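User: I would like to learn how to read a protein model step by step. Could we go through the features together, with the general idea stated before each case?

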Amino acid sequence: MTTRLFKALIAGAVVSTGLTFGSAASATECIAPANPGGGWDFTCRQIGKILYDIGAVDSPVQVTNMPGAGGGLAYNHVVSERSDDADLIVAASSATTTRLAQNAYAGMTADQVRFVGAIGADPGVIVVAADSPYQSLNDLVDAILADPGSVAFAGGSAVGGFDHMKPLMILQEADFTDITAIKYIGVDGGADAITQTVGGFTQAMTGDMSEVVSFLENGDIRVIAVLTEERVPGFEDIPTAKEQGYDVVAVNWRGLYVPKGISDEQFDEWAGKLQQVADSDEWAQAMADNGLAPFTKVGGDFQSYVDGLVADIAEMSAELGVTQ
């Protein structure tokens, strides 16, 4: 895509959000690869505001909305046009790494940027109906190992999407390799996936905590595993997959990447600033207000996590035939 077109898109995005570029050249810009109102926009605006409020940056963070290609337009822009811009941060989530793993960004790869950190997440969950015979994640996995066709999952993402990947990652930990034998029905959102499960059309639902809270409160479902490092505050009675023997952390994390061409020192500076946001009272309140759970990985620790996640999803996606 031409530089002129990119500049036109950015100019339009800036006008649409009421922003202007007139401040110092060192002002931080955060690209949200979607329209205002979504998760990536939330990440830029909340993290950007807190960075300034706590004094981690000297001037307000400028937010640019750059929708297109499921994040691909922004990714291409950063790699092609801004590869050494140390004042640029970009909102990212689990969807970013899933799409990169599946070659959804037209040949671009995850190693063309640096993933600086994640500081909050919507926890992944495995859910069954309240009257399900499966009392634990082990019960469910054992049933699949005995008869792969006996359990079908419903999820709010398409076949090959992140919801689909969650139970497959668990089954990998159980040394189950025939992932194409696992039945998965992709529907339009988590509520529909729960309806499928409560109605008995599927035996389990795979999704995020924010999608299931109201159904859990109503007694329609049981959450048999949360896919986090530790139990989720407010839901301490729900065990993690890890404590049931499956070393899987699968969350819809909220974080940032930066251009690959910045120096290690500049990368470490951004990791430190993001850690300051994670440690702030302001971010704790933002998470509580928006249903996010603590999930803090910054710097090299987070980059290693992303590298492993991309490799696992790429392998499973190729096996499922969903790599583009």
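Analyst: Let us begin with a single residue, A106, which is placed in the loop between α4 and β4; the names of such elements follow DSSP runs, numbered from the N terminus, with helices being H or I runs of at least four residues and strands being E runs of at least two. Please keep in mind that this is a predicted model, in which local features need pLDDT of at least 70 and side-chain atom pairs count only at pLDDT 80 or more, while totals for chains, interfaces and linings use all residues. Residues are numbered from 1 along each chain as its sequence is written, and side-chain values use heavy atoms, with hydrogens and water left out.

User: Is A106 buried or exposed, and what is its phi value near?

Analyst: The general idea is that a residue is buried under 20% relative accessible area, exposed over 50%, and partly exposed in between, using a 1.4 Å probe and protein chains only. Because A106 has 74% relative accessibility, it counts as exposed, and its phi is near 50°, a positive value in a residue other than glycine. A69 can be read in the same manner: A69 is located in the loop between β2 (62–65) and α3, its phi is positive at about 55° although it is not a glycine, and with 60% relative accessibility A69 counts as exposed.

User: How many residues of helix α3 are buried, and which are they?

Analyst: Helix α3, covering residues 72–81, is mostly covered, since 7 of its 10 residues are buried. The buried residues are G72, L73, A74, Y75, H77, V78 and V79. In the loop between α3 and β3 (88–93) we find D87, which counts as partly exposed at 27% relative accessibility.

User: How is the chain divided into domains, and how many residues of each are in contact?

Analyst: Domain bounds come from an automatic or database domain assignment, and here they give domain 1 (29–122 + 251–320) and domain 2 (123–244). The centres of the two domains, taken over C-alpha atoms, are separated by 26 Å. If contact means heavy atoms within 4.5 Å, then 17 residues of domain 1 are in contact with 21 residues of domain 2.

User: How much area do domain 1 and domain 2 bury between them?

Analyst: The size of an interface is often given as the accessible area lost when the parts come together. Buried area is what two parts lose in accessible area (1.4 Å probe) on being put together, summed over both, and for domain 1 and domain 2 this is about 1,500 Å², with 68% of it on carbon and sulfur atoms. On the side of domain 1, the residues that lose the most area to domain 2 are D122, M316 and L320, which together account for 40% of what that side buries.

User: How many salt bridges does the rule find across this interface, and which residues form a salt bridge there?

Analyst: Side chains of opposite charge can pair when their charged atoms come close. The rule for a salt bridge asks for a side-chain nitrogen of Lys or Arg within 4 Å of a carboxyl oxygen of Asp or Glu, and across the interface of domain 1 and domain 2 it finds 1 salt bridge. K297 and E229 form a salt bridge, with their closest N and O atoms 3.6 Å apart. The pair links distant parts of the chain, 68 residues apart, with E229 in the loop between β8 and β9 and K297 in strand β10 (residues 297–298). K297 counts as buried at 12% relative accessibility, whereas E229 is partly exposed with a relative accessible area of 38%.

User: How many salt bridges does the structure hold, and which residues do shared partners join into one network?

Analyst: The structure holds 11 salt bridges, and those that share partners join E229, K242, D247 and K297 into one network. Within this network, the side chains of K242 and E229 meet in a salt bridge at 2.8 Å, N to O. K242 and E229 both lie in the loop between β8 (221–226) and β9, so the pair ties together parts that are 13 residues apart in sequence. K242 itself is partly exposed, with a relative accessible area of 30%. Another salt bridge joins the side chains of R114 and D264 (3.0 Å, N to O), and this pair links distant parts of the chain, 150 residues apart, with R114 in strand β4 and D264 in helix α9 (residues 264–278).
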